[in-house]
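Colleague: Please show me the model, and then let us go through some of its helices one by one.

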Amino acid sequence: MKNKALLVGINKYPNPRNELRGCVNDILDMEHFISANNKMYPNENIKKLIDRQATKKEMVTQIKWLLEGAEAGDSLLFHYSGHGAQVPTHYNNIEKDGLDEIICPYDYDGSAATTLRDKEFAQLFAGIPKGVHFVWISDSCHAEDLSRDVDKGQATIYRQFKGVMPINEGITSINYDKLMEEEGGSFAPMAMPNTKPLNGALLSACASHELSADAYINNRYNGAFTHYLIKNLLEYSDSKTMQAIIKLVNMDLDKNGYDQNPEIEGLLENKTFFI
C-alpha cells in the first residue's frame, strides 16, 4: 500500500491585491492531520507546494508524481487552498452556464499556460485505477467576476482572484487577448473532455457560484471550509462517510455565519476519508 499526498497552498501572489492569509495554514494543518494525528501518510510521501513554488507547470508535474504507479489499495490525497475563478468554456454543449471552473496557480495571468481548468483536472485524474482511494480537496472560490473584497485586517475576505476591469462573463482584459490569440481568434471547440464520474471524491469548499471564505478563526487565519472540515474529520473520520462529514461542515459554516455550501461528488462520496 502506497499512501501519497500533494498539498498546495498559495498566500502570496505576484500582485499584492491578490494576497491571501489562511491557505498555507490550511495545508500545514492537513499535513499534521494525515501524518501526526492519524499516521496514515508517511512524511516522505507528502509533498507541499507553497506560494511561488505552485506554478501551473510544477503543480501538473507533482500531480503526475501523485498518480504515478497508483494501484488498488493505495490512498492519494490532493489538497488545494488558494484562489479560484470561472472563465469562458470551450464546451458550451456540456456547460450550461458557458463557464469553466478554474484554480489560479501562483503564476496565473489569464493565459491557458497558467490556468488549471476543471477539464484539465478531469484528464489528469481520468486514469486513476479502480480500487485507489483518491480524495481531492479544493478550498477556493468559483466566482464569476474575478474580484474579491479588499483586505480588512481580521475581517473575512474571499479566495476569488482579483483581475482587472471585467469585460463580460468573467473575461478580463488581462486574459481576453491571450485567450483569443491562443484560440486563433475564436473560442473554437476542443476535443471532448473525459466526462466520466471522478474515481474518487472531490470535497469542494462551495458551490460553483459561491465564494470561499479566507477567515480569522480562533486567533489564526484559515480557510473556513478547511478549518471545519478538519474539525469534523478529527471526530468522525473513522465512523462517518465523507458525504455525512460535508453535511456537518455545512452546519458549522452556517452556524458561524459563513455563506457558502460545501459540496461533494465522485464515486467515493459514500466512503470514509481514510480506507
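Modeller: Contact here means heavy atoms within 4.5 Å, and helices (H or I, at least four residues) and strands (E, at least two) are DSSP runs, numbered from the N terminus. This is a predicted model, in which local features need pLDDT of at least 70, side-chain atom pairs count only at pLDDT 80 or more, and totals for chains, interfaces and linings use all residues. Residues are numbered from 1 along each chain as its sequence is written, and side-chain values use heavy atoms, with hydrogens and water left out.

Colleague: Which residues of α3 do K56, V60, I63, K64 and L67 in α2 meet?

Modeller: The α2 side of this pairing belongs to a helix of residues 56-67, and α3 covers residues 118-125. The α3 residues met by K56, V60, I63, K64 and L67 are E120, F121, L124 and F125.

Colleague: At what angle do α2 and α3 pack?

Modeller: Two packed helices are described by the angle between their axes and the distance between the axes. Axes are lines fitted to C-alpha atoms, for helices over the stretch in contact, and angles run from 0 to 180 degrees between N-to-C directions. For α2 and α3 the axes are 10 Å apart, and the angle is about 30 degrees. That makes the pair roughly parallel, a term for angles under 35 degrees (over 145 is roughly antiparallel, 65 to 115 roughly perpendicular, the rest oblique).

Colleague: Which residues of α3 are buried?

Modeller: Buried means under 20% relative accessible area, exposed over 50%, and partly exposed in between (1.4 Å probe, protein chains only). In α3 the residues that meet the buried cut-off are K119, F121 and F125. Seen down the axis, they fall within an arc of 160 degrees, taken from the directions from the helix axis to the C-beta atoms, so they line one face of α3.

Colleague: Which exposed residues does α6 carry on the face turned away from its buried side?

Modeller: Helix α6 spans residues 242-255, and M242, I245, I246, V249, N250, D252 and L253 are buried there. These cover an arc of only 165 degrees around the axis, which puts them on the same side of α6. They pack against β7 (133-139), β11 (201-204), α5 (224-236) and β14 (263-265). The face turned away from that side carries the exposed residues K247, M251, D254 and K255.

Colleague: How far apart in space are D29 and I230?

Modeller: D29 is found in helix α1 (residues 23-37) and is partly exposed, with a relative accessible area of 24%. Leaving aside neighbours within four places in sequence, D29 is in contact with R220, N222 and I230. D29 and I230 are 201 residues apart in sequence, and their C-alpha to C-alpha distance is 8.0 Å.

Definitions and conventions:
The expected span of a helix is 1.5 Å times one less than its number of residues.
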